Amino acid sequence: MIVIYRPEWPENFQKIVDKLKKICIGLQLDVQHVGSTSVPNLAAKPIIDIDIIFYEALDFLNIKEKLELDGYFHNGNQCIYGREVFKRTGL
């Protein structure tokens, strides 16, 4: 379902960033808001899409474990080499 732009989306994204940085403390990573909810005034599906950029390949397993403990599930690479997808329902 596509909805009109919601001004709270950037704030919702920041809450996700804050939580991810807490659970991944000590790891070098960056979190980016991507997808249609990141574009001001663009109607979108009300799902906050993010990219987590990490710099050491060995950190992936640590990040994966921390995300899974926080309620995310690993959904593989969805046929795109070099990408790993995590999903979550609810907050």
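1. A quick word on terms before the numbers: a residue is called buried when its relative accessible area is under 20%, exposed when that value is over 50%, and partly exposed in between. On that basis, 23% of the 91 residues in the protein chain are buried. Bear in mind that this is a predicted model.

2. Overall layout. The protein chain has 2 helices and 4 strands, and from the N terminus the order is α-β-β-α-β-β. Its C-alpha trace spans about 40 × 30 × 20 Å along the principal axes. Looking at contacts with a separation of 6 or more, 46% join residues that sit 24 or more positions apart.

3. Surface and charge. About 6,500 Å² of the protein chain is exposed, and 56% of that comes from carbon and sulfur atoms. There are 11 positive and 12 negative charges, and their mean positions lie 6 Å apart.

4. The core. Nonpolar side chains in soluble globular proteins tend to be buried together. Here the largest nonpolar core has 11 residues: Phe13, Ile16, Val17, Leu20, Cys24, Leu27, Leu29, Val31, Ile63, Leu67 and Tyr72. Helix 1 (9-23), strand 1 and helix 2 (59-69) each put in at least two of them, with helix 1 giving the largest share, 4 residues.

5. Leu27 is worth a click. This member of the core touches Asp59, Asn62, Ile63 and Lys66, leaving aside residues up to four places away in sequence.

6. Strand 1. In a regular strand, side chains alternate between the two faces of the sheet. Strand 1 (residues 29-34) has Leu29, Val31 and His33 on its covered face, while Asp30, Gln32 and Val34 make up the uncovered one. Two of the covered residues, Leu29 and Val31, also appear in the largest nonpolar core.

7. Strand pairing. Strand 1 pairs with strand 2 (residues 49-54) in the antiparallel sense, over 6 bridges. To pick out one of these by eye, look at Gln32, whose bridge partner in strand 2 is Asp51.

8. Which residues that are not glycine have a positive phi? Most residues other than glycine have a negative phi, so I'd look at two places. Asn41 has a phi of about 70° and is found in the loop between strand 1 and strand 2; Asn41 is exposed, at 68% relative accessible area. Gln78 has a phi of about 50° and lies in the loop between strand 3 (73-74) and strand 4 (86-87). At 36% relative accessibility, Gln78 is partly exposed.

Conventions:
Residues numbered from 1 in each chain as written. Predicted model: local features only at pLDDT ≥ 70, side-chain atom pairs only at ≥ 80, totals over all residues. Heavy atoms only, no water. Buried < 20%, exposed > 50% of the residue type's maximum accessible area, 1.4 Å probe, protein only. Contact = heavy atoms within 4.5 Å. Areas by Shrake-Rupley, 256 points an atom, 1.4 Å probe, with all protein chains shown as cover. Lys, Arg positive; Asp, Glu negative; His and termini not counted. Charge placed at Lys NZ, Arg CZ, Asp CG, Glu CD. Pairing = 2+ DSSP bridges. Core = buried A, V, L, I, M, F, W, Y, C linked by side-chain atoms within 4.5 Å.
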